[in-house]
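User: Could you take a close look at one part of this model for me, the aromatic side chains and the packing around them? I'd like one connected walk-through.

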Amino acid sequence: MNQLPFTEDTVIFGLLALCLGLVFYTSSLKTTFWKKFYAVIPTVLMCYLLPSILASTGIIDEKSSQTYYIASRYLLPAALILMTLSIDLKAILNLGSKALIMFLTGTAGIVIGGPIAILIVSIFSPETVGGVGPDAVWRGLATIAGSWIGGGANQAAMLEVFEFNQEKYGGMVLIDIVVANLWMAVILLGVGKTKKIDSWLKADTSSIEALKIKVSEHTAKIARVTSLHDFMMLLLYAFAGVGIAHFLGNHFAEFLENTFKVIRDKDKVLSSLGSKFLWMVVFATAIGIGLSFTKAKNYEGAGASKIGSVFIYILVATIGMKMDLGAVFENPGLIVIGLIWILIHAALLIIVAKLIKAPFFFLAVGSQANVGGAASAPVVAAEFHPSLTSVGILLAVFGYVVGTGGAYLCALLMEVASKV
């Protein structure tokens with residue numbers, strides 16, 4: 001008999017499906033308790049937290065599971081294709097410059113947040129931010145900066161550049177995952193209070209609402225009873241597109257690495273452009289946008305974005321599964337650095353959003369495009385509305401581009417701060 005924790009992906013995926021089904025079933029109930037509960041806690045947050053509880057209590061072993069890999073490499077690009085299939089590029093451009101301003105603000109918050117966090121923690125726990133040579137804590141924190149501004153490729157680049165002791169690297173990855181996922185939970189909690197937050201920010205949400213209405217009207221106009229033919233065509237567009245995106249992404253990344261020394265060299269700012277995952281996301285998005293100029297756009301009426309949303313929720317569950325709530329207390333000193341760091345990032349975003357009257361959507365997606373990257377920025381964007389998914393994708397891709405340079409600057413500042 002199989003004992004806990006469950007390690008088989010067939011069982012783990014079944015439990016994740018159970019979590020998702022339970023959340024959507026209870027959120028559909030009309031009883032007073034569940035109405036009040038989901039008025040405070042968004043459904044997407046519960047889809048994230050329940051799997052994390054399974055991992056934290058030792059019911060499932062996420063480390064042995066390939067479900068996140070499958071969800072991020074197969075279902076994420078499929079969702080991107082299906083959710084951008086009916087995209088309106090002109091309407092997205094009409095959203096203006098505030099999205100980019102908030103993204104760059106988020107980047108600035110990570111760059112300055114690291115050194116400030118080190119300075120604060122050094123006051124009451126200097127040993128936490130100490131270390132010499134390859135063991136220097138600032139070198140390890142540089143890898144987190146790479147992850148939080150760009151993604152995994154930028155994180156790996158920082159590990160190579162600053163030569164942090166790889167035996168201690170796992171601790172830094174832990175901080176990255178714990179703090180980033182806690183912050184994502186806060187963002188998702190805020191999604192349920194978007195109107196109140198926008199009112200406080202005095203934000204102009206007219207362009208966002210106009211895009212939502214336009215997409216909703218188009219969907220209503222082409223809505224129909226979905227047939228088997230429709231489902232098979234959506235299967236064709238989604239997963240043939242995934243195959244093409246992986247093929248082109250892998251070969252294009254290899255072409256860049258083989259052709260340009262600046263991309264092969266992990267010390268260089270542009271090395272992150274050699275990421276196969278980055279180009280897979282780019283090509284999947286491009287395929288979706290390309291389909292939006294064809295009759296395939298009308299398959300939105302057959303539920304293209306709804307199927308994409310199913311894939312996104314599965315991804316959310318696998319991301320939540322990677323969050324071990326008990327691990328928060330394993331290295332409290334470094335966790336404190338991470339929490340202070342992300343709070344500075346958040347505070348700067350709130351201040352700038354208030355000054356330029358940016359909607360909460362731009363704050364949330366601008367932050368996740370940095371901290372979460374291409375896997376979670378579309379998730380957060382889609383939670384506002386499926387038509388906004390592409391905004392998250394575009395900003396996340398931009399994060400890969402500036403990730404290594406921003407992280408490098410942050411690391412230099414953290415080195416200075418650790419010696420003060």
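Analyst: Let's start with a cut-off: a residue counts as buried when its relative accessible area is under 20%. Phe 384 comes in at 12% relative accessibility, so it is buried. Keep in mind that this is a predicted model.

Phe 384 has a ring partner. It pairs with Phe 361 in an edge-to-face arrangement, with 5.1 Å from centre to centre and 80° between the planes. Phe 361 is buried too, because its relative accessible area is just 3%. As for where the two sit, Phe 361 belongs to helix α17 (residues 360-371) and Phe 384 to helix α18 (residues 377-384), so their pairing ties together parts that lie 23 residues apart in sequence. That pair is part of a bigger tally, with 18 aromatic pairs in the count. Elsewhere, Phe 33, Trp 34, Phe 37 and Tyr 38 make up one aromatic cluster.

Phe 361 also leads us into the nonpolar packing. The largest nonpolar core holds 135 residues, and Phe 361 is among those with the most contacts inside it, along with Leu 141, Trp 148, Met 172 and Trp 341. Helix α9 (residues 169-191) gives the most to this core, supplying 12 residues. Now pick out Met 172: setting aside neighbours within four places in sequence, it touches Val 137, Gly 140, Leu 141, Thr 143, Ile 144, Phe 164 and Leu 334. As a general backdrop, nonpolar side chains in soluble globular proteins tend to be buried together.

Rings here also meet charges. The charged end of Lys 322 sits over the ring of Tyr 68, 4.9 Å from its centre. Arg 224 lies over the face of Tyr 299, at 5.2 Å from the ring centre.

Those last two residues share a neighbour, Asp 230. Leaving out residues within four places in sequence, Asp 230 is in contact with Arg 224 and Tyr 299, as well as Val 225 and Ala 302. Asp 230 is found in helix α12 (residues 228-259), and with a relative accessible area of 5% it counts as buried. Its side chain reaches the backbone nitrogen of Ser 227 at 3.0 Å.

One more buried polar residue rounds this off: Thr 67, at 8% relative accessibility, in helix α4 (residues 67-84). The side chains of Thr 67 and Ser 65 are joined by a polar contact of 2.7 Å. Thr 67 and Thr 318 are 251 residues apart in sequence, yet their C-alpha atoms are 6.4 Å apart in space.

Methods:
Residues numbered from 1 in each chain as written. Predicted model: local features only at pLDDT ≥ 70, side-chain atom pairs only at ≥ 80, totals over all residues. Heavy atoms only, no water. Helix = DSSP H or I, 4+ residues; strand = E, 2+ residues; numbered from the N terminus. Buried < 20%, exposed > 50% of the residue type's maximum accessible area, 1.4 Å probe, protein only. Polar contact = N/O pair within 3.5 Å; in protein donor to acceptor, adjacent residues only side chain to side chain. Contact = heavy atoms within 4.5 Å. Phe/Tyr/Trp six-rings, centres within 6.5 Å; stacked < 30°, edge-to-face > 60°. Lys NZ or Arg CZ within 6 Å of the ring centre and 35° of its normal. Core = buried A, V, L, I, M, F, W, Y, C linked by side-chain atoms within 4.5 Å.
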